[in-house]
Amino acid sequence: MSGEDGDKILKSTGDPVAKDDWQGSQDAPTYRIGPGPGILHLNYTGQDIIATIQNVIGVIEGEEEPDRFVILGNRRDAWSFGAVDPNSGTAALLEVAERLRKFQKRGWKPRRSFFRYMDTMVMAMAPNLSLELMML
């Protein structure tokens, strides 16, 4: 939906006017909480697809408490802002991984285990994470 479409929808919503802390920017139309008089009909034209996702997992075993984990995570898919959406988290996580690798090359071992994962933002993420932790 475009901003222009959203503007038309907001303008078609009736009184009462929403509270000040619900209002948009100065240029936005007045937000109202309805009902009507406008009626909105939405049609979904996408496809429902079940697909396999790829989880990227890395583990550095801890020396003193290997059964306790420091968990670092990020998602790789992009929803709201296109390809830039998850990239700041991905960049930060990759930098941390690179630094940990450099420390390991110098003989460093963490007290606790590090578990790093990158996946897609799907409803099944939490069960998949639990399963992967149990398998370690």
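This briefing covers the fold, one helix, the salt bridges and a nonpolar surface patch of the protein chain. The model is predicted. The protein chain has 136 residues, of which 18% count as buried. It holds 3 helices and 3 strands, and 8 salt bridges occur in the structure.

**Overall fold**

- Read from the N terminus, the order of elements in the protein chain is α-β-β-α-β-α.
- Among contacts in the protein chain with a separation of 6 or more, 56% join residues 24 or more positions apart.
- The exposed area of the protein chain is about 10700 Å², and 56% of this area comes from carbon and sulfur atoms.

**Helix α2**

- Helix α2 covers residues 87-105, which is 19 residues.
- From first C-alpha to last, α2 reaches 27 Å, close to the 27 Å expected at 1.5 Å a residue.
- T90, L93 and L100 are buried in α2.
- The buried residues of α2 line one face of the helix, because they fall within an arc of 95° when seen down the helix axis.
- S88 and K105 are exposed, on the other side of α2.
- α2 also carries a salt bridge between R101 and E98, with the closest N and O atoms 2.7 Å apart.
- R101 and E98 are 3 residues apart within α2, about one turn of the helix.
- An α-helix has 3.6 residues a turn, so residues three or four places apart point the same way.
- R101 has 34% relative accessibility and therefore counts as partly exposed.
- E98, at 28% relative accessibility, also counts as partly exposed.
- Just after α2, G107 adopts a positive phi of about 95°.

**A salt bridge within the loop between α1 and β1**

- R32 pairs with D15 in a salt bridge whose closest N and O atoms are 2.3 Å apart.
- Both R32 and D15 are in the loop between α1 (3-12) and β1, 17 residues apart, and the pair links distant parts of the chain.
- R32 counts as partly exposed because its relative accessibility is 30%.
- D15 counts as exposed because its relative accessibility is 52%.

**The salt-bridge network**

- A network of salt bridges links E64, E65, R68, R111 and R112.
- One of the pairs joins the side chains of E65 and R68, at 3.0 Å from N to O.
- E65 has 14% relative accessibility; the cut-off for buried is under 20%, so E65 counts as buried.
- R68 has a relative accessible area of 41% and is therefore partly exposed.

**The nonpolar surface patch**

- I57, V59, F69 and I71 make a nonpolar patch of about 300 Å² on the surface.
- Strands β1 (56-60) and β2 (65-75) are the elements that give two or more residues to this nonpolar patch.
- I71 is located in strand β2.
- I71 counts as partly exposed because its relative accessibility is 43%.

How values were computed: Residues are numbered from 1 along each chain as its sequence is written. This is a predicted model: local features need pLDDT of at least 70, side-chain atom pairs count only at pLDDT 80 or more; totals for chains, interfaces and linings use all residues. Side-chain values use heavy atoms; hydrogens and water are left out. Patches are made of residues with over 30% relative accessible area and no salt bridge: like charges are joined within 9 Å, nonpolar side chains (Val, Leu, Ile, Met, Phe, Trp, Tyr) within 5 Å. Accessible areas come from the Shrake-Rupley method with a 1.4 Å probe; for residues, only the protein chains shown count as cover. A salt bridge is a side-chain nitrogen of Lys or Arg within 4 Å of a carboxyl oxygen of Asp or Glu. Helices (H or I, at least four residues) and strands (E, at least two) are DSSP runs, numbered from the N terminus. Buried means under 20% relative accessible area, exposed over 50%, partly exposed in between (1.4 Å probe, protein chains only). The expected span of a helix is 1.5 Å times one less than its number of residues. The arc is that of the directions from the helix axis to the C-beta atoms. Contact means heavy atoms within 4.5 Å.
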